[in-house]
Amino acid sequence: MIVDSDNDLEGQIAEWRAYMHHHRELLQTDAEELEDHLRSRISDLTEAGLRADEAFLIAVKRMGSLDELSREFAREHSERLWKQLVFPGEPDAPPARSRRELPVMLLCAAAAALAIKVPSWFGIEISEDDAGFYARNVSLFALPALAAYFAWQRRVSSRCIGVLALLFLLGAVAANVYPLAGDSQSLVLTAIHLPLALWLVVGVAYVGGDWRSDRRRMDFIRFTGEWLIYFILIGLGGGVLMAFTMGAFDAIGLDAEQFIQSWLLPCGAMAAIIVSAWLVEAKQSVIENMAPVLTRVFTPLFAVTLLAFLVAIAWTNNGIDVQRDVLILFDLLLVVVLGLLLYAISARDLGAPPGLFDSSQLALVLSALIIDIMVLLAISGRITEWGFSPNKTAALGENVILLCNLAWSAWLFLGFLRGRMPFARLERWQTGYLIVYAAWAWTVVLAFPLVFDFA
Amino acid sequence: MHITKDLVAASATPLVLGILAEGESYGYAILKQVNELSGGQLEWTDGLLYPLLHRLERIGHVESAWETPPEGRRRKYYRITNQGWAELVEQRRQWATVVDVLRGVWKTTQSIKPITAPAREAGR
């Protein structure tokens with residue numbers, strides 16, 4: 001009987017400890033200290049004649065609510081909420097490869113940083129006439145290292161590694177075999193689309209070769225958003241570092257500009273690609289993801305802006321002035337709207353009922369669609385007049401692709417708001433569409449130069 | 001008798017320092033001593049003692065060490081530092097002044113209008 005109640009008590013304490021473990025503000029040692037307290041209280045109470053389970057209840061009650069407790073701990077140790085950023089919780093981290101994680105990441109980052117210096121050993125300098133070379137190849141320096149990092153971390157099968165290597169090779173060939181002139185439009189298009197195509201190749205490594213899985217693809221979309229944010233933040237820090245380097249050395253009469261331009265900036269940028277990816281992975285669960293938060297803030301704002309734009313058009317009766325860059329501008333608008341949609345989806349609780357935020361999202365998508373159709377109508381006349389150039393074709397193609405995506409998304413969204421379709425269908429549509437982006441990016445890189453005669 | 005939250009909070013630091021001044025101790029023992037000294041009048045939520053101890057440790061009034069008795073669990077002991085002593089002396093001075101002032105005030109009000117209840121509280 002006594003053994004029984006002792007076991008019970010141990011079980012209850014273990015449960016309490018597990019519950020305490022959920023509160024990040026409480027470190028292992030704090031938990032231990034509190035548990036010692038709890039046990040002392042329980043043994044005092046049982047000595048006074050209470051049964052073990054009664055004593056446990058009273059002791060827990062006297063300890064105070066854990067929420068209140070962790071709030072007090074958080075107030076006292078506010079740094080803990082931040083400190084865990086880089087080295088997440090020791091005990092519950094997956095033991096598998098975590099110890100070698102950091103060295104391997106550093107190795108990949110170093111490889112990426114060195115890769116961009118390799119061409120200069122063969123006399124191809126960044127700042128000189130070979131800027132075109134770097135523009136075409138910029139994604140080939142760091143992204144293979146990133147893919148290698150994920151391939152290692154996810155223990156990707158050797159067949160998959162072969163496919164990854166082939167795709168990167170294909171990218172390298174496409175970027176360097178075609179005779180693209182330094183001022184050709186095709187060169188610019190390759191410089192933009194090859195990174196996109198290769199980023200999706202990195203995605204294959206990211207999902208561990210399991211690229212058919214919806215959930216894994218969604219993970220990759222989430223990862224992309226977080227990665228971009230970290231990359232920008234690291235870039236800002238790097239800018240400050242460079243400014244200080246320049247100023248400090250200038251103060252002692254040394255000119256650091258050459259060093260910064262040919263080493264610090266390119267190598268730092270390449271390494272930052274890997275480090276950002278690692279940071280996103282390391283802190284996945286530690287703090288709230290940023291992309292969904294930004295989405296929450298900006299979705300209503302963009303919706304209001306676009307609606308105001310539509311109202312202004314209707315009010316003034318002004319058509320859209322079709323300048324050269326207007327197609328690009330509205331492509332970017334669609335990308336932003338799509339991004340807002342994607343990251344709202346990525347963080348959404350799939351089972352939750354539709355709410356006000358969803359309506360503002362639908363308003364955003366619909367107004368973007370209407371604006372874009374107006375732009376397309378305005379511009380189609382111009383294209384038939386002037387013929388197709390690589391730039392125009394690419395911009396138009398992208399516009400149509402994004403338009404299709406958003407139109408069908410809007411339809412699915414409407415169905416969801418009226419309660420006829422589950423939200424998961426919208427998610428599946430978006431993750432499935434990644435294939436279209438990949439196909440288009442590769443088409444632009446591989447086929448456009450041939451079709452347009454390397455213009 | 002219920003003592004308000006503010007008063008409990010204000011007296012917590014000198015109480016803990018005062019108890020630690022008698023020798024090193026650990027959380028549960030400190031709490032028990034507070035309970036005995038106040039005859040159960042001073043109600044603390046058990047868990048909230050620890051953030052306070054950690055705060056005192058951070059600002060340097062106490063220091064801590066984990067000790068493991070030959071048999072049993074390891075336990076975190078707290079010890080008062082020199083700085084903690086200085087703080088305790090300062091706190092005692094301040095509390096003595098406050099208590100004196102309150103006594104004086106209540107003595108004069110009592111002479112005008114004898115209210116027994118507050119006077120008894122002041123005597124505690």
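This passage describes the fold of two chains, a helix pair in chain A, the sheet of chain B and the contact between the chains. The model is predicted.

Chain A is helical: 18 helices and zero strands were assigned. Of its 455 residues, 30% are buried. Contacts in chain A with a separation of 6 or more were also sorted by sequence distance. Residues 24 or more positions apart account for 81% of them.

One helix pair in chain A was examined in detail. Two packed helices are described by the angle between their axes and the distance between the axes. Helix H11 of chain A spans residues 214–251, and helix H12 of chain A spans residues 257–283. The two pack at an angle of about 150°, and their axes lie 9 Å apart. Angles over 145 degrees count as roughly antiparallel, and H11(A) and H12(A) are therefore roughly antiparallel to each other. The crossing of H11(A) past H12(A) is right-handed.

Residues from both helices build this contact. On the H11(A) side, aromatic positions include Phe223(A), Trp227(A), Tyr230(A) and Phe231(A). Gly235(A) and Gly238(A) also take part, as do Met242(A), Thr245(A) and Met246(A). The H11(A) side further includes Glu226(A) and Ile234(A). H12(A) contributes, among others, Glu257(A), Ile260(A), Leu264(A), Leu265(A) and Gly268(A). Further along H12(A), the contact includes Ala272(A), Ile273(A), Val275(A), Ser276(A), Ala277(A), Leu279(A) and Val280(A). By class, the contact of H11(A) with H12(A) holds 16 nonpolar, five polar and two charged residues.

Chain B combines helices and strands. Its secondary structure comprises five helices and three strands. From the N terminus, the order of elements is α-β-α-α-β-β-α-α. Chain B has 124 residues, of which 17% count as buried. Among its contacts between residues at least 6 apart in sequence, 48% join residues at least 24 apart.

The three strands of chain B form an open sheet in the order E1-E3-E2. The pairing is antiparallel. E1 and E2 of chain B are the edge strands, each pairing on one side only. Strand E1 of chain B covers residues 25–26 and is joined to E3(B) by two bridges. Here Ser25(B) stands opposite Tyr78(B) of E3(B). Strand E2 of chain B covers residues 62–67, and six bridges join E2 to E3(B). Within this second pairing, Ser64(B) has Tyr78(B) as its bridge partner in E3(B). Trp66(B) stands opposite Lys76(B) in E3(B). Tyr78(B) is thus set opposite Ser25(B) and is also the bridge partner of Ser64(B).

A helix lies over this sheet. Helix H1 of chain B, residues 5–21, lies across E1, E2 and E3 of chain B. H1(B) runs at about 95° to E3(B). Angles of 65 to 115 degrees count as roughly perpendicular.

The two chains touch each other. In this contact, 13 residues of chain B meet 15 residues of chain A. Three elements of chain B each supply at least two residues to the side that touches chain A: helix H2 (27–37), helix H3 (49–59) and strand E3 (75–80). H3(B) provides the largest share, four residues. By class, the side of chain B that touches chain A has four nonpolar, four polar and five charged residues. E3(B) therefore has two roles, as DSSP bridges define strand pairing: E3(B) pairs with E1 and E2 of chain B in the sheet, and E3(B) supplies residues to the contact with chain A.

Key:
Residues numbered from 1 in each chain as written. Chains lettered and ligands numbered in written order. Predicted model: local features only at pLDDT ≥ 70, side-chain atom pairs only at ≥ 80, totals over all residues. Axes fitted to C-alpha atoms, helices over the stretch in contact; angles between N-to-C directions. Parallel < 35°, antiparallel > 145°, perpendicular 65-115°, else oblique. Left-handed = near helix turned anticlockwise from the far one by under 90°. Contact = placed C-beta atoms within 7 Å. Nonpolar A, V, L, I, M, F, W, Y, C, P; charged D, E, K, R; others polar. Buried ≥ 20, exposed ≤ 12 C-beta atoms within 10 Å, placed from the backbone.
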